[in-house]
Structure formats: C-alpha cells, structure tokens
2 protein chains.
Amino acid sequence: MSKNSSLSHRVTNDLRRDIVAGILPPGAWLKTEELAARYAVSANPVREALWRLQGEGFVVANPNQGARVRMVDDDFVRNIFELREAIEPIFVRRFCQRATPEDLDRLRAAAADFATVAREQPTDFDALDAANRDFHSIMLEGEINVQAIEVMQRYAGLINATRAKLPIMPSRVRQRVAQHTEMVEAIVAADADAAARVAVDHIRAAGEDMLSQMRQVRLTGSRVARNQPARKDDLPAG
Amino acid sequence: MSKNSSLSHRVTNDLRRDIVAGILPPGAWLKTEELAARYAVSANPVREALWRLQGEGFVVANPNQGARVRMVDDDFVRNIFELREAIEPIFVRRFCQRATPEDLDRLRAAAADFATVAREQPTDFDALDAANRDFHSIMLEGEINVQAIEVMQRYAGLINATRAKLPIMPSRVRQRVAQHTEMVEAIVAADADAAARVAVDHIRAAGEDMLSQMRQVRLTGSRVARNQPARKDDLPAG
DNA sequence: GAGCGATATATTCTATAGATTCCTGATGGC
DNA sequence: GCCATCAGGAATCTATAGAATATATCGCTC
C-alpha cells in the first residue's frame with residue numbers, strides 16, 4: 001500500500017512498534033543518539049520520526065531537552081474520549097444521510113462479524129479490535145471532513161496500544177455487540193439523532209470501561225500476560 | 001514569553017509570518033533550499049519548521065516531493081468550523097460549572113470591551129480579533145482538556161490569517177456582539193445547555209459568514225487593501 | 001507526421017558526519 | 001546556605017554526499 005520507504009518512515013514504524021510493544025515504556029527518554037544506534041541510522045531520521053510520532057501522540061518533546069514516551073494517565077484517556085464523543089456524531093449523522101442500501105448491508109455484516117468474534121474469541125483483543133475497526137471504518141469511507149478524521153485517528157494508536165494491555169470484561173464485550181446492533185438499527189431507520197446518541201453512549205462506555213480497567217490494574221498490580229514488555233534488555237540504558 | 005530561541009523556531013515564526021502576510025500565497029511551493037537561502041540557515045532547521053507548520057496546518061507536505069502552503073478552500077473552512085462546533089461546547093459547559101464570580105465579571109468586561117471595539121473600530125480586523133480572542137480565552141483558562149484545546153487552536157492561525165484578508169460586514173459584527181451578550185447571560189444563569197447552544201450558533205454564524213465572504217471575493221475579485229501581499233518580489237522565484 | 005514509451009538529465013528531498021550551541025547538574029567561592 | 005561558574009552530555013545546526021522523483025529529449029511504432 002503506502003510504500004513510504006524512506007529511512008525516517010522505517011524508524012517511525014519501528015519506534016512506534018517498540019512503544020506499542022512496551023519495550024519503550026511510557027515515560028522513557030528517547031535519546032536521539034541512542035535510538036540512532038538502535039535502528040542503525042543517523043540522528044536526522046530519528047529526529048524526523050520523533051516529530052511524526054509527536055503528531056500521532058506517542059511522544060512528547062521539549063526543545064533542547066529531548067523527547068519521551070507519552071504517559072497515558074487518567075486525564076489523558078478522559079480527554080481523548082471526550083474529544084471522540086464530540087466528533088463521532090459528525091460522522092454518524094452524515095453517514096445516516098449518505099448510506100446506500102449496499103452500505104447498510106455491509107454495516108450489518110460487519111456488526112455480525114463483530115458479534116461472532118465476541119462470541120468465539122471474547123478475550124482476544126486483537127481480533128475484537130480488528131472487527132471493531134472494520135465496523136467503524138465503514139462509516140468513515142465517504143466522510144468528507146478529513147480534518148475531523150485526522151483528529152479522531154490522532155491518538156487512536158496510543159489509546160489502543162494501552163487498551164490492549166488491559167483486561168477485557170466479557171460483559172463489556174456483550175454491551176458493545178448490543179450497541180453496534182442498536183446503532184445499525186438507528187442508521188437503517190435513518191434516525192440520525194438516535195444514531196448519534198448511541199454513538200456517544202458507545203464511546204462513553206468504552207472510555208469508562210478503560211478508566212475502570214486502568215484503576216483495577218493500578219490497585220491489584222495485575223497485568224495481562226500477552227503483549228508484555230518482552231525484553232527490556234534490548235535497550236542500552238534503562 | 002516563550003523564548004524558544006532556536007534557529008528552527010525562528011524559521012518557523014518567520015515562515016508563518018510570511019504565509020500569514022500572503023508573501024507566500026496558498027499553493028506556493030516551499031522548497032527547502034530556497035527557504036534556507038531566504039532565512040539564511042541550512043536545510044535542517046527549514047525541514048523542522050516545515051514539520052511544525054504542517055502540525056499547525058499551514059503547510060501540507062508529500063514525501064520526496066516537497067511542501068506547499070495549504071490551500072484554504074470552502075471544504076477546509078467548512079471542516080474546521082464543523083470541528084469547532086463539536087468541540088467548543090465542551091469548553092463552554094465546563095466553564096459554566098467552574099466559573100467564579102470574578103471569572104464572570106471578567107467575562108462581562110471582555111464582552112463590553114469587544115462591544116466598544118465593534119462600535120468604534122468596526123472594520124479593524126486586528127482590533128476585533130484581539131478583543132474577541134480575549135473574550136474567548138477567558139473560558140479556556142482553567143480548561144483541563146488540553147488535547148481538545150490543541151485541536152481547537154491547530155488551524156486557528158491559518159483560518160484567522162485567511163479571514164483577515166476578507167471584508168467585514170458591520171451587521172455581522174453587531175451579531176457577534178449580541179451573541180457574546182447572550183452567551184454571558186446564559187453562563188451567568190449557569191444554564192450550560194443554553195450557553196452551549198449559543199456557542200454553536202456563534203461558530204456556525206462565523207463559519208457561514210466566512211464562506212459567504214470568500215464566495216463574494218471570488219465573484220467580484222475584490223480584495224481588502226490592508227494586509228495585501230506587500231511585495232512578492234521578496235521571493236527568488238514565482 | 002503524430003503519438004507513445006523509454007532513457008537521460010535536472011531538480012529536490014533525504015541522510016551522514018562533524019561542529020556548535022544549549023541545557024543540566026556539580027563544584028567551589030561568597 | 002545561596003549564587004556564580006564550569007564541565008559533561010545531549011540536542012541542534014552546517015555542509016556535503018546520496019536517493020528519489022519529475023521533466024525533457026530522443027527514438028520507435030502506427
């Protein structure tokens with residue numbers, strides 16, 4: 001697809017992957033020289049990758065001081081989900097207006113797929129996430145507000161990467177299935193208000209669920225096994 | 001204030017100023033070498049400035065091909081104002097909750113200031129804009145959703161720069177004064193719903209006004225004298 | 001002779017290495 | 001105990017070399 005085969009792109013992807021995998025944990029300093037050695041490039045592509053990842057929200061940088069992996073704390077999660085609650089209705093409403101019968105069929109099919117995954121692999125985050133993404137991306141296909149899409153997707157990677165490391169509650173998965181169904185029904189009925197309302201509820205529930213799982217992990221210190229930090233020793237320094 | 005006195009920051013500011021002033025018009029190619037010569041630095045700070053301005057929305061860049069000043073067309077304006085309509089209510093509602101009597105006094109004073117400017121200098125965009133900014137920034141003072149603020153301010157500079165070159169309708173200025181008053185009243189009454197509604201109307205009116213002025217300028221070819229491109233000859237190439 | 005495709009050239013972005021500037025923390029003087 | 005100065009380290013900048021892309025020219029086919 002996008003064969004952005006420049007060094008800085010490769011470094012961007014590698015760095016993102018390592019952050020997502022937890023090899024570079026939240027708060028870790030991202031020293032240019034260190035990363036340059038790690039990825040076998042010079043300082044410039046690393047700098048550029050850091051810029052890009054700053055744009056994606058993975059990294060926060062201070063002038064003349066260096067960059068670090070962003071801390072995903074409660075405030076941040078709350079802020080992002082609040083933003084999503086504000087923006088998603090735009091997409092849902094417009095999709096209500098423009099959806100063709102074929103679009104509706106595909107949306108229904110995607111909702112069914114998600115329900116299947118939820119039934120058969122209810123604890124597999126990646127599978128659930130992929131199915132969920134398929135469902136929601138249908139609504140973005142003909143969306144004209146590219147700036148709004150950009151905002152919505154900006155922190156999606158980071159939020160998702162963080163969510164992937166948290167436990168999954170079966171009850172919440174069932175709730176998501178129900179909400180998808182509800183949304184499809186509202187859209188089929190061309191009831192934009194109802195669809196937007198469901199979308200907001202959907203996002204709010206997801207946000208509250210994530211916050212509660214984060215609290216849970218903080219309290220119990222538990223951590224889901226999969227996607228664990230692997231080997232921290234890969235890095236020269238701590 | 002922010003004494004970001006690195007070369008790339010200086011270039012960022014200079015480049016932004018030149019784009020805002022119209023010396024580098026929308027659509028103009030921003031060649032690294034050319035800009036490096038223009039601002040008497042090497043390619044790297046220019047690259048970095050372009051990254052930053054891409055983040056601010058002034059510039060769009062393609063890999064291995066170059067960057068250009070963003071075109072501000074109708075779609076873009078519509079998208080940005082739609083985003084604002086979605087996000088601004090977040091701020092207004094929360095301000096309603098936390099506003100102290102002192103905050104309300106200052107908001108009232110700012111609204112009065114804007115009204116004064118509107119009466120005495122109704123065609124001075126900069127004065128109106130400054131007063132308007134003062135008014136709205138009061139509501140952002142204690143705002144906790146920094147990501148939402150960032151989104152709101154992202155394209156503000158570019159939109160403002162474009163708006164500054166368009167004509168100002170006295171009737172629209174009067175409408176803005178009235179809307180400010182209305183908003184203050186709703187906030188004083190702690191009626192968050194009403195305040196949010198007024199805010200949305202306010203933004204929608206501003207967006208429609210801007211679009212209609214853009215249409216007007218396109219049709220008549222007229223252009224406001226002040227802030228005109230100055231001298232394009234400053235640039236090596238056309 | 002006109003249109004199309006391939007090669008060659010020119011332009012521009014991209015990457016490297018070394019020099020420079022800036023920030024941070026530590027040491028010594030007041 | 002507090003402030004100024006200095007050393008170490010890291011980010012930033014310059015200059016130059018290396019890729020990638022777009023453009024123009026030439027030759028071929030129809």
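The questions and answers below cover the surface near DNA strand D and the interface of chain A and chain B in a predicted model.

User: How do you know how the residues and chains are named, and what limits apply?
Analyst: Residues are numbered from 1 along each chain as its sequence is written, and chains are lettered from A, and ligands numbered from 1, in the order in which they are written. In this predicted model local features need pLDDT of at least 70, side-chain atom pairs count only at pLDDT 80 or more, and totals for chains, interfaces and linings use all residues, while side-chain values use heavy atoms, with hydrogens and water left out.

User: What makes R47(A) a residue near DNA strand D?
Analyst: A residue is near a strand if one of its heavy atoms lies within 4 Å of it. A polar side-chain atom of R47(A) lies 2.3 Å from a phosphate oxygen of DNA strand D, so R47(A) is near the strand.

User: Why is the pair of E48(B) and R47(A) called a salt bridge?
Analyst: A salt bridge is a side-chain nitrogen of Lys or Arg within 4 Å of a carboxyl oxygen of Asp or Glu. The side chains of E48(B) and R47(A) meet at 2.6 Å, N to O, so the pair fits the definition. The count between chain A and chain B is four salt bridges.

User: What makes up the area buried between chain A and chain B?
Analyst: Buried area is the accessible area (1.4 Å probe) that two parts lose on being put together, summed over both. For chain A and chain B this is about 2300 Å², with 51% of it on carbon and sulfur atoms.

User: How many residues of each chain are in contact?
Analyst: Contact means heavy atoms within 4.5 Å. By that rule 27 residues of chain A are in contact with 27 residues of chain B.

How values were computed: A polar contact is a pair of N or O atoms within 3.5 Å; within protein, one must be able to donate a hydrogen and the other to accept it, and residues adjacent in sequence count only if both atoms are side-chain atoms.
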